[in-house]
Each structure stands twice: as C-alpha cells, then as structure tokens.
Amino acid sequence: MVKLKNRMQKNNIENIRHSFAHLTNIAVRKFYPKAQPAIGPAIENGFYQDFGNLNISKEDLPKIEKEIRSIAKQNLTFKKELWPFRKVVDFYKKEKQPYKVQIAKDLVKEKKLTKLGIVRTGDILVDLCRGGHVKNTRELPLDAFKLTHVAGAYWRGDEKNPMLTRVYGLAFAEKKELDEYLAFLEEAKKRDHKRLGQELDLFSFHPEAPGFVFWHPKGMLLRQALMSLHHELHRKAGYQEVSTPILLSEDLWKRSGHWDNYKDNMYFTKIDNRVFAIKPMNCPGTILVYKVRPRSYKELPIRFAEAGEVHRHEPSGTLNGLMRVRAFRQDDTHIFAQPDQVEQEVIDVIRLTLQFYRIIGLKEPHIELSTKPEKYIGSLAMWRKAESTLKKILNDLKIDYKINKGDGAFYGPKIDFHVKDSLGRSWQLGTIQLDFSMSERFDVTYIDKDGRQKRPVIIHRTVIGSIQRFMGVLIEHFAGAFPTWLAPEQVWIVPISDKFLSYAKDVQQRLLKDYPALRVVVKEENETLGKKIREGEVQKIPYLAVVGEKEQAQGTLSPRKRGKGNLGAMKIDAFAKILEKEIKEKN
Ligand SMILES: [Zn+2]
Ligand SMILES: [Zn+2]
C-alpha cells in the first residue's frame, strides 16, 4: 500500500514536470515564433524542453517564466487525442516543425503505430506526446517551479546532428522542496572543486590541453600530503613501489587484450615506424617487472605498487573538472598471489581502503560488485569462480553492497568503492579487480612447493583510484577548509607591520627547527593586518599567527585557529607542539 502511494506521488510529480515542459514550449514560441520544439521530458528535479532555431540566454528566462505563469493561470486542460500518422505529419509540416515530423516518422517506423497520441493544451498547443500530464494547468504549483538555465544539446544526443537549445527548469510538488533544493545548489556551488581550485590556487585547465590538469604549487602540496599518508599505510602493509614507462609497444597491448577491448579509449604514437600506445592502465608494465626472473611461492604474495600516469580518451562532452579527465595518476597495485591467498589479500585491501577513507574523514563509501561485461576475456568458469569469491568475501565481512551487472573490467569482476561529491553525485574511487586471465596471456608463473610452475592470480587494486578525482572529492568534501595535516599551507605568520618582519622570519625558522615538515609561510606583503587576516580566511589557512611588539618582547606568537578564533599569546615551542599533535593525529 505504501509502495503504491509512493508510486502515485512519483507519477504525479513527473506529470507536473512534464506539463511545465509543454508550457515552456508555448511560452518560448510566443516570443520566438520560429523556434522548433523537439522533446520536453520530465527529469530529476524538473524538466527540459529542446528547441531548434532558437538563440536565447539566461537573461531571457524571466520573461518566459512569467509567461508560463500567466498561461497556467488560464486554467487550460490537457486533452489527449489519437490522430492518423498522415494527419500528424501534414500538420507539423505546415507548422514548420521538422523535429516533430521526425519524431512522428520514427514512432511509426520503430513501433509500427498507425495512430499517434496528440495532446492539446487548451486551444493553444497541439503537441505530439505520449502523455503524462496534470488534468488542468490550475493544478501546477507555480511557487514550486523555476526556469534555471539554457544549454546546448545535440538533437538525439548525437554530435553529428544539429545543436539545439535546451531550456531547463526545476519543478517540485511544494515550494518548500524547491527552496530546499535551491539552498542545496547554493551550498554545492560554494563547495564546487572547480571554483575552489581557482580561488585556492590549486590547479587550472587550459585550452591547450583539454581534459588535462595543470597543478599549481599549492595543489602539489595538497597532493603530496595526501600521498604521504598513502605511502605510509602501504609501506606498513608490505607493498613495494615500482615505476614503468608511459609508452609501451602495440604488441604488448594486443597481448594484454587492451587492443581488442579498450582501443577506442587509447592514444597512439609512432616511434621509428613502430606503433606505441600511451598506457591506459599500469598492469602490463608491472607484469614485465614480475617476469624478470622466476618467482618462488615463498615470495608470494608480491604487491607491486605503481602510481603511474595513465591516459584514457573521454569524449569532450563528458569532461568535468578533476572528476573526469583524460590523464590521471592512479594508485595502482598489482598483487600476484597464490590462489589460496586471494581471499585474505582482498580482505586486507578492503580493510586498508576503508581505513584510508576513515583517516581522511570521507563519508562511508557505498560498495558495488561489478560483474562480467559484454566484452570480456577468459572462460565463463573463471568468471563464475571470481565473482563468487568476491561475493563470499563481502558476505563474510557483512558489507552491504549492490550488484552492478555487466560493469566489470574486461579481464575480471570487481568491487568498487563509491563516494558522493557536493552535488550528491556518486564517484568511483577505489577498486579491487580479480583477474585469472592476464597471467595466462602473459605466461606469468611461480614455482610452487612441489617444484611445478603455476599461475598466480593477479589482483588489480586502487584505494584512491584517480588521484585527480580523489582530490576533487576531497576539495568538495572539506569545501577547501582542509584539516591541518592536509592543508597546503598550514600556518601563516602575519607581522603587524614591516617593523616585525625579521621577528616573523625568526619565528618561522624556530618552528621549522622544532618541526621541519611544517608548511609555514611568512606574509611579507606590505598590506594592513586586517587585509592579511581576511586573505588568510579566504584561503582557509588553519592557523594565522600574528606577531607584533608584545610577541617580539616576550618571544611568543598569537595564533588564531580557523573556525575557533584567538588562542592567545603562547611560546613558539608550545605552538609547535600543538601543531605536531594535531598533524600526527590527523584531526
Ligand atoms: Zn506531453
Ligand atoms: Zn591493472
């Protein structure tokens, strides 16, 4: 019963949203009679309506929105009729609406219909539509709707087709929901990593290399702080670091299966008439390192870590700040294990991953198990075995997970760790992939107790995944206010005036003597104290330590902690101790 009610409510909100799309169609064509409407579906949180032959911008939306409200107040009814196909086509040809003609033709061709659904909105609009409306425009909640923006969209989503203009709107059942959603968007904007990346001077993008990140000094400091935690945990867990080339020859990729299964995402180049690919994954290089000499069962498991730079082609329309790029560093490790070691290794990786996220303070990830995709290598028996192994581990650990059918890597099933960004979009970070195929393809072996050559299982795993993406999530999660251990600049020493600059530098040196790893900057600029403090707040610096006459006389400093305020004057070594403790505990 509850379910049924929910479904009705959901239906209803979709009807509301889609009805607004019809009104957008009417309103836009009142101002721009030559606009050619295409589709206008309900979407999450609202709707959109596409138009050909329309060139408008955000500034035009208020008048259109006003018109929609006034149309709705005419209490128009939505009425459905069935028209013969010919009548529909003739009507839209006469109306000069080519997209509607196309939709009608496709419907007849694909669904073998002879009659098509037409919806009238009062006497104003005749629209080709499969239905799903409110009965009368008076039911539309006019205080819970808003046109938001305009964007380009290809007809049928295909870049070979003409670019249409898409008008987006939000629509909810009640004003309260709209207000909440707008507040959420506002908060998300504050946390947007692209904006913060610029404000905090962390990274940039340039037209000279679309989809490739340029890291600035502070971005590198943040990245190094993150990776030093990563190294520490991995070293303790028995990982060994290797590094392999970015360019590897074509035959290697044919052997690995990437050529057949991943070529469309790869970049190629020629050297001395030989074709090379820029690696999209680190696996084959690492496997060559494993194979330099025979390996004994006593050495296994071998955990070769390589945070290598990989390149993967993504269509330009899908690029999105740090979240989706064309080159990223991935904290890969390939674990070569005996079959009976696999379970424990996977369990250890899951624990390590969750520990890493917990230390950083990310929200609990949700976990997905991805199974055999359409393009795959290896036998079905191998896949079944690998999938059931992963399932058993997750069940034994009592971890909740969702099955993601057909989304595994082409060489094996995987466990993925997903975390949400500020807009609630979910991103895959870590992954654990079980692979029984690559060791056959590359003839990877170890010598077992009985003296026989056997094949190890290869576990491909990342904790961070793409370091670029992880940092995007991190920036949004903390809204740029990083905990002290991560902050690119941890302390600013701010002299009250030039007179105390040399004392400020003394303080810096003494802090560094007590604590050499500290990232401490003296603000030398000849600005007022107030201005420097404000800048420090905008830059979200964890500690701003002011020094002046009194501090110099007493050999102290007066730190202000971000979000906490003034801590009062204290001795330099006392401050160093506070910092050291906080950084060590990663609070
Ligand atoms: Zn409709
Ligand atoms: Zn791999």
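Colleague: In this predicted model, are His18 and Cys129 buried or exposed?

Modeller: The word used for a residue depends on its relative accessible area, and a value under 20% counts as buried. Judged in that way, His18 and Cys129 receive one and the same description, which is buried.

Colleague: Which protein atoms are the donors of the zinc ion (ligand 1)?

Modeller: A donor here is an N, O or S atom within 2.8 Å of the metal. The protein donors of this zinc ion lie 1.9 to 2.0 Å from it, and they are His18 (NE2), His22 (NE2), Cys129 (SG) and His133 (NE2).

Colleague: How many residues apart are His18 and Cys129, which link distant parts of the chain?

Modeller: Along the chain, the donors of the zinc ion (ligand 1) follow the spacing H-x3-H-x106-C-x3-H. Within that set, His18 belongs to helix H1 (residues 2-31), while Cys129 sits in the loop between strand E6 (125-128) and strand E7 (145-154), and the separation of the pair is 111 residues.

Colleague: What is the geometry of the site of the zinc ion (ligand 1)?

Modeller: Four donors count as tetrahedral if all angles lie between 85 and 135 degrees. The angles among the 4 donor atoms of the zinc ion (ligand 1) run from 96 to 131°, and the site is therefore tetrahedral.

Colleague: Which residues are the protein donors of the zinc ion (ligand 2), and where along the chain do Cys283 and His460 lie?

Modeller: The zinc ion (ligand 2) has its protein donors at 2.0 to 2.3 Å, namely Cys283 (SG), His334 (NE2) and His460 (ND1). Of these, Cys283 and His460 are 177 residues apart and link distant parts of the chain, with Cys283 in helix H10 (residues 283-290) and His460 in strand E23 (residues 457-466).

Colleague: Why is Cys283 called buried, and what is its relative accessible area?

Modeller: The limit for the word buried is under 20% relative accessible area. Cys283 is called buried because its relative accessible area falls below that limit, at 2%.

Colleague: Which residues does UniProt list for "binding site", and why can they be said to gather at one spot?

Modeller: The unreviewed UniProt entry lists Cys283, His334 and His460 under "binding site". They span 178 residues in sequence, yet they gather at one spot, because no two of their C-alpha atoms are more than 7.6 Å apart.

Colleague: Which residues make the nonpolar surface patch of about 210 Å², and what is the relative accessible area of Leu247?

Modeller: The patch is made by Ile246, Leu247 and Ile271. Leu247, which is found in strand E12 (residues 247-249), is partly exposed, and its relative accessible area is 34%.

Technical notes. Residues are numbered from 1 along each chain as its sequence is written. Chains are lettered from A and ligands numbered from 1 in the order in which they are written. This is a predicted model: local features need pLDDT of at least 70, side-chain atom pairs count only at pLDDT 80 or more; totals for chains, interfaces and linings use all residues. Side-chain values use heavy atoms; hydrogens and water are left out. Patches are made of residues with over 30% relative accessible area and no salt bridge: like charges are joined within 9 Å, nonpolar side chains (Val, Leu, Ile, Met, Phe, Trp, Tyr) within 5 Å. Accessible areas come from the Shrake-Rupley method with a 1.4 Å probe; for residues, only the protein chains shown count as cover. A salt bridge is a side-chain nitrogen of Lys or Arg within 4 Å of a carboxyl oxygen of Asp or Glu. Helices (H or I, at least four residues) and strands (E, at least two) are DSSP runs, numbered from the N terminus. Buried means under 20% relative accessible area, exposed over 50%, partly exposed in between (1.4 Å probe, protein chains only). Donors are N, O and S atoms within 2.8 Å of the metal (3.2 Å for Na, K and Ca); water is not among the atoms, so sites may look incomplete. Four donors count as tetrahedral if all angles lie between 85 and 135 degrees; four count as square planar and six as octahedral if opposite donors are over 155 degrees apart and all others between 65 and 115; anything else is irregular. UniProt positions are given in the numbering used here, feature names are shortened, and annotations may be inferred rather than shown by experiment.
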